[in-house]
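User: Could you take a close look at one strand for me and trace how its surroundings are put together? I'd like a connected account that I can follow with the model open beside me.

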Amino acid sequence: MAASAPSPLPASRIRRVIAGVIDIVIIAGAGVLVPLPPAARLAVGIAIAGVITLAQARTGASPGQALTSIRLRRAIRPTDPPGGAAVERAWLFILASLPTFGILPLIMVMSTEDGGWRRTWYDRMAGTVVIAREHGPEPVQLVAANGHLLTVSQPTVLGRAPAPLPGRTSRLLPGFQEDPSVSKTHALLEPVRGGVVITDLNSTNGTHVEDARGVHRLVPGRAQTVERGRRVYFGDAECMIR
(Lines give C-alpha, C1' and ligand atoms only; values in the text may rest on other atoms or scores of the structure.)
Protein backbone atom coordinates (compact mmCIF):
# COMPACT_ATOMS: atom_id res chain seq x y z
CA MET A 1 0.00 0.00 0.00
CA ALA A 2 1.57 3.28 -1.04
CA ALA A 3 1.80 6.17 1.36
CA SER A 4 -0.24 9.28 0.77
CA ALA A 5 1.51 12.43 -0.40
CA PRO A 6 0.82 15.88 0.98
CA SER A 7 0.48 18.53 -1.71
CA PRO A 8 2.15 18.70 -5.13
CA LEU A 9 3.35 22.27 -4.47
CA PRO A 10 6.26 22.37 -2.01
CA ALA A 11 7.50 25.84 -1.09
CA SER A 12 10.86 26.79 -2.59
CA ARG A 13 13.94 27.19 -0.40
CA ILE A 14 14.39 30.88 -1.18
CA ARG A 15 10.80 31.74 -0.23
CA ARG A 16 11.16 29.84 3.04
CA VAL A 17 14.36 31.69 3.87
CA ILE A 18 12.84 35.09 3.03
CA ALA A 19 9.76 34.30 5.16
CA GLY A 20 11.97 33.35 8.10
CA VAL A 21 14.06 36.50 7.77
CA ILE A 22 10.91 38.67 7.74
CA ASP A 23 9.61 37.01 10.92
CA ILE A 24 12.97 37.37 12.68
CA VAL A 25 13.19 41.06 11.70
CA ILE A 26 9.70 41.67 13.11
CA ILE A 27 10.53 39.94 16.40
CA ALA A 28 14.00 41.47 16.78
CA GLY A 29 12.89 44.89 15.58
CA ALA A 30 10.13 45.08 18.16
CA GLY A 31 12.52 44.03 20.90
CA VAL A 32 15.12 46.63 19.89
CA LEU A 33 12.85 49.58 19.15
CA VAL A 34 10.62 49.43 22.22
CA PRO A 35 11.87 52.10 24.69
CA LEU A 36 12.11 49.76 27.68
CA PRO A 37 14.86 48.18 29.80
CA PRO A 38 16.68 45.20 28.19
CA ALA A 39 14.72 42.57 30.18
CA ALA A 40 11.43 44.15 29.14
CA ARG A 41 12.54 44.28 25.52
CA LEU A 42 13.35 40.58 25.65
CA ALA A 43 9.89 39.90 27.10
CA VAL A 44 8.29 41.91 24.28
CA GLY A 45 10.22 39.91 21.68
CA ILE A 46 9.18 36.59 23.25
CA ALA A 47 5.55 37.73 23.40
CA ILE A 48 5.56 38.73 19.73
CA ALA A 49 7.13 35.38 18.80
CA GLY A 50 4.35 33.65 20.73
CA VAL A 51 1.66 35.66 18.93
CA ILE A 52 3.21 34.82 15.55
CA THR A 53 3.33 31.11 16.46
CA LEU A 54 -0.33 31.11 17.56
CA ALA A 55 -1.35 32.89 14.35
CA GLN A 56 0.56 30.28 12.38
CA ALA A 57 -1.17 27.48 14.28
CA ARG A 58 -4.60 28.95 13.52
CA THR A 59 -4.13 30.16 9.94
CA GLY A 60 -1.03 28.32 8.75
CA ALA A 61 0.87 31.53 8.04
CA SER A 62 3.25 33.80 9.94
CA PRO A 63 3.66 37.39 8.65
CA GLY A 64 6.67 36.32 6.59
CA GLN A 65 4.84 33.32 5.15
CA ALA A 66 1.83 35.46 4.29
CA LEU A 67 4.02 37.93 2.40
CA THR A 68 5.84 35.18 0.50
CA SER A 69 2.63 33.21 -0.22
CA ILE A 70 3.61 30.01 1.55
CA ARG A 71 1.74 28.09 4.23
CA LEU A 72 2.52 25.64 7.03
CA ARG A 73 0.39 22.50 7.02
CA ARG A 74 0.24 19.08 8.65
CA ALA A 75 1.97 16.56 6.41
CA ILE A 76 -0.97 14.13 6.59
CA ARG A 77 -3.58 16.87 6.18
CA PRO A 78 -2.19 19.48 3.77
CA THR A 79 -5.46 21.40 3.40
CA ASP A 80 -5.82 22.29 7.10
CA PRO A 81 -3.89 24.71 9.38
CA PRO A 82 -1.30 22.91 11.54
CA GLY A 83 -2.80 23.66 14.96
CA GLY A 84 -0.64 22.39 17.85
CA ALA A 85 1.95 21.07 15.39
CA ALA A 86 3.00 24.68 14.73
CA VAL A 87 3.81 25.17 18.43
CA GLU A 88 5.83 21.95 18.53
CA ARG A 89 7.67 23.02 15.37
CA ALA A 90 8.49 26.42 16.90
CA TRP A 91 10.08 24.81 19.97
CA LEU A 92 12.12 22.44 17.81
CA PHE A 93 13.21 25.39 15.66
CA ILE A 94 14.39 27.23 18.78
CA LEU A 95 16.33 24.16 19.98
CA ALA A 96 18.08 24.00 16.62
CA SER A 97 18.71 27.76 16.49
CA LEU A 98 20.06 28.69 19.91
CA PRO A 99 23.28 26.61 19.96
CA THR A 100 24.17 27.70 16.40
CA PHE A 101 22.89 31.31 16.40
CA GLY A 102 20.27 30.41 13.77
CA ILE A 103 22.77 28.89 11.32
CA LEU A 104 21.64 25.25 11.60
CA PRO A 105 17.98 25.86 10.57
CA LEU A 106 19.23 27.91 7.60
CA ILE A 107 21.52 25.07 6.51
CA MET A 108 18.68 22.57 6.86
CA VAL A 109 16.32 24.67 4.75
CA MET A 110 18.93 25.26 2.05
CA SER A 111 19.74 21.52 1.91
CA THR A 112 16.13 20.55 1.23
CA GLU A 113 15.22 19.58 -2.29
CA ASP A 114 13.55 22.34 -4.31
CA GLY A 115 10.39 20.90 -5.83
CA GLY A 116 10.58 17.82 -3.62
CA TRP A 117 9.60 16.71 -0.15
CA ARG A 118 12.89 16.20 1.73
CA ARG A 119 11.75 18.05 4.85
CA THR A 120 13.87 19.60 7.60
CA TRP A 121 14.49 17.76 10.85
CA TYR A 122 12.10 19.97 12.82
CA ASP A 123 9.35 19.58 10.17
CA ARG A 124 9.69 15.80 10.27
CA MET A 125 9.56 15.75 14.07
CA ALA A 126 6.51 18.05 14.21
CA GLY A 127 4.73 16.34 11.30
CA THR A 128 4.53 19.55 9.28
CA VAL A 129 5.25 20.59 5.72
CA VAL A 130 5.62 24.00 4.06
CA ILE A 131 3.63 24.40 0.86
CA ALA A 132 3.20 27.09 -1.75
CA ARG A 133 -0.06 28.95 -1.33
CA GLU A 134 -2.59 28.15 -4.00
CA HIS A 135 -4.52 31.02 -5.54
CA GLY A 136 -8.03 30.16 -6.67
CA PRO A 137 -7.78 26.55 -7.85
CA GLU A 138 -9.86 25.88 -10.91
CA PRO A 139 -12.83 23.52 -10.59
CA VAL A 140 -12.03 19.88 -11.18
CA GLN A 141 -14.23 17.61 -13.25
CA LEU A 142 -14.69 13.91 -12.64
CA VAL A 143 -15.63 12.10 -15.84
CA ALA A 144 -17.22 8.76 -14.99
CA ALA A 145 -16.82 5.74 -17.22
CA ASN A 146 -20.54 5.93 -18.04
CA GLY A 147 -20.11 9.52 -19.27
CA HIS A 148 -21.58 11.16 -16.17
CA LEU A 149 -19.81 14.44 -15.32
CA LEU A 150 -19.27 15.69 -11.76
CA THR A 151 -17.79 19.13 -11.04
CA VAL A 152 -15.86 19.85 -7.83
CA SER A 153 -15.29 23.58 -7.20
CA GLN A 154 -15.09 23.52 -3.38
CA PRO A 155 -14.66 20.95 -0.58
CA THR A 156 -17.16 18.26 -1.52
CA VAL A 157 -18.38 15.06 0.13
CA LEU A 158 -19.10 12.45 -2.52
CA GLY A 159 -21.26 9.35 -2.13
CA ARG A 160 -24.59 7.77 -2.94
CA ALA A 161 -26.29 9.81 -0.18
CA PRO A 162 -23.51 11.77 1.58
CA ALA A 163 -23.86 13.16 5.10
CA PRO A 164 -22.17 16.37 6.33
CA LEU A 165 -18.82 16.00 8.04
CA PRO A 166 -18.68 17.18 11.67
CA GLY A 167 -16.95 20.55 11.96
CA ARG A 168 -16.50 20.96 8.19
CA THR A 169 -18.39 23.08 5.69
CA SER A 170 -18.60 20.99 2.57
CA ARG A 171 -20.85 20.63 -0.42
CA LEU A 172 -22.76 17.33 -0.57
CA LEU A 173 -22.64 15.67 -3.97
CA PRO A 174 -24.75 12.55 -4.47
CA GLY A 175 -23.32 10.43 -7.24
CA PHE A 176 -23.40 6.85 -8.49
CA GLN A 177 -26.75 6.22 -6.77
CA GLU A 178 -27.15 3.04 -8.79
CA ASP A 179 -23.74 1.65 -7.85
CA PRO A 180 -23.84 -0.28 -4.53
CA SER A 181 -20.02 -0.43 -4.43
CA VAL A 182 -20.00 3.31 -3.61
CA SER A 183 -20.68 4.07 0.06
CA LYS A 184 -23.33 6.58 1.08
CA THR A 185 -20.59 8.88 2.40
CA HIS A 186 -17.57 7.74 0.44
CA ALA A 187 -14.87 10.42 0.06
CA LEU A 188 -13.98 14.08 0.60
CA LEU A 189 -12.72 15.93 -2.48
CA GLU A 190 -10.96 19.32 -2.34
CA PRO A 191 -9.79 21.04 -5.55
CA VAL A 192 -6.19 22.30 -5.62
CA ARG A 193 -3.95 23.62 -8.35
CA GLY A 194 -3.29 20.81 -10.79
CA GLY A 195 -5.75 18.29 -9.39
CA VAL A 196 -7.84 17.32 -6.40
CA VAL A 197 -7.09 16.22 -2.83
CA ILE A 198 -9.04 13.06 -2.01
CA THR A 199 -9.65 11.60 1.45
CA ASP A 200 -11.39 8.26 1.81
CA LEU A 201 -14.04 8.45 4.55
CA ASN A 202 -13.83 4.84 5.72
CA SER A 203 -15.79 3.64 2.72
CA THR A 204 -16.70 -0.04 2.53
CA ASN A 205 -14.97 -0.80 -0.78
CA GLY A 206 -12.28 1.84 -0.58
CA THR A 207 -10.97 4.55 -2.87
CA HIS A 208 -8.17 3.70 -5.31
CA VAL A 209 -6.12 6.37 -7.08
CA GLU A 210 -3.61 6.38 -9.90
CA ASP A 211 -0.20 8.04 -9.65
CA ALA A 212 3.22 7.61 -11.24
CA ARG A 213 3.70 4.29 -9.41
CA GLY A 214 0.38 2.79 -10.49
CA VAL A 215 -2.99 2.35 -8.77
CA HIS A 216 -3.21 1.93 -5.00
CA ARG A 217 -5.80 2.14 -2.25
CA LEU A 218 -5.98 5.24 -0.05
CA VAL A 219 -5.52 4.91 3.68
CA PRO A 220 -8.87 6.02 5.20
CA GLY A 221 -8.65 9.50 6.67
CA ARG A 222 -5.35 10.31 4.95
CA ALA A 223 -5.46 12.84 2.13
CA GLN A 224 -3.68 12.44 -1.19
CA THR A 225 -3.46 14.71 -4.20
CA VAL A 226 -4.49 13.21 -7.54
CA GLU A 227 -3.30 15.08 -10.61
CA ARG A 228 -5.44 15.97 -13.59
CA GLY A 229 -5.35 13.22 -16.18
CA ARG A 230 -5.20 10.46 -13.53
CA ARG A 231 -7.89 7.94 -12.66
CA VAL A 232 -9.68 7.40 -9.38
CA TYR A 233 -11.96 4.53 -8.36
CA PHE A 234 -14.73 4.99 -5.78
CA GLY A 235 -15.50 1.37 -5.09
CA ASP A 236 -15.99 -0.01 -8.61
CA ALA A 237 -16.93 3.39 -10.09
CA GLU A 238 -14.12 4.64 -12.33
CA CYS A 239 -13.52 8.35 -12.96
CA MET A 240 -11.00 10.45 -14.84
CA ILE A 241 -9.78 13.66 -13.17
CA ARG A 242 -9.95 16.50 -15.70
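Which residues point one way from strand β5 (residues 156-159), which point the other way, and are they buried or exposed?

Analyst: Happy to walk you through it. This is a predicted model, in which local features need pLDDT of at least 70 and side-chain atom pairs count only at pLDDT 80 or more, while totals for chains, interfaces and linings use all residues. Numbering starts from 1 along each chain as its sequence is written, and side-chain values use heavy atoms, with hydrogens and water left out.

From β5, Thr 156 and Leu 158 point one way, whereas Val 157 and Gly 159 point the other way, and all are buried. Here buried means under 20% relative accessible area with a 1.4 Å probe, protein chains only. Strands are DSSP runs of E with at least two residues, helices are runs of H or I with at least four, and each kind is numbered from the N terminus.

Now for the partners of β5. It pairs with strand β6 (residues 171-174) in the parallel sense over four bridges (a pair needs at least two DSSP bridges), and there Thr 156 stands opposite Arg 171. Strand β7 (residues 187-192) is joined to β5 by three bridges and runs antiparallel to it. In β7, the residue opposite Thr 156 is Leu 189.

Leu 158 and Leu 189 bring us to the largest nonpolar core, which has 21 residues; the ones with the most contacts inside it are Leu 142, Leu 158, Phe 176, Leu 189, Ile 198 and Phe 234. Such a core is a set of buried Ala, Val, Leu, Ile, Met, Phe, Trp, Tyr and Cys residues joined through side-chain atoms within 4.5 Å. At least two of its residues come from each of β3 (140-144), β4 (149-152), β7, β8, β12 (231-234) and β13 (237-241). In soluble globular proteins, nonpolar side chains tend to be buried together.

Leu 142 shows how these pieces meet. Leaving aside neighbours within four places in sequence, Leu 142 is in contact (heavy atoms within 4.5 Å) with Leu 158 of β5 and Leu 189 of β7, and its other contacts include Leu 149, Leu 150, Val 152, Phe 234 and Ile 241.

Strand β8 (residues 195-200) holds Gly 195, which is buried with a relative accessible area of 0%. Not counting residues up to four places away in sequence, Gly 195 touches Val 140, Val 226, Glu 227 and Arg 228. By contrast, Gly 195 and Trp 121 lie 29 Å apart in space, C-alpha to C-alpha, and 74 residues apart in sequence.

From β12 we can step on to strand β9 (residues 207-211): three bridges join the two strands, which run antiparallel, with Val 232 of β12 as the bridge partner of Val 209. In a regular strand the side chains alternate between the two faces of the sheet. In β9, Thr 207, Val 209 and Asp 211 point to one face and are buried, while His 208 and Glu 210 point to the other and are not. β9 also pairs with strand β10 (residues 214-217), in the antiparallel sense and over four bridges. A hairpin through two residues joins β9 to β10, and His 216 in β10 stands opposite Val 209. Val 209 thus has a partner in β12, Val 232, and another in β10, His 216.

Technical notes:
Buried means under 20% relative accessible area, exposed over 50%, partly exposed in between (1.4 Å probe, protein chains only).
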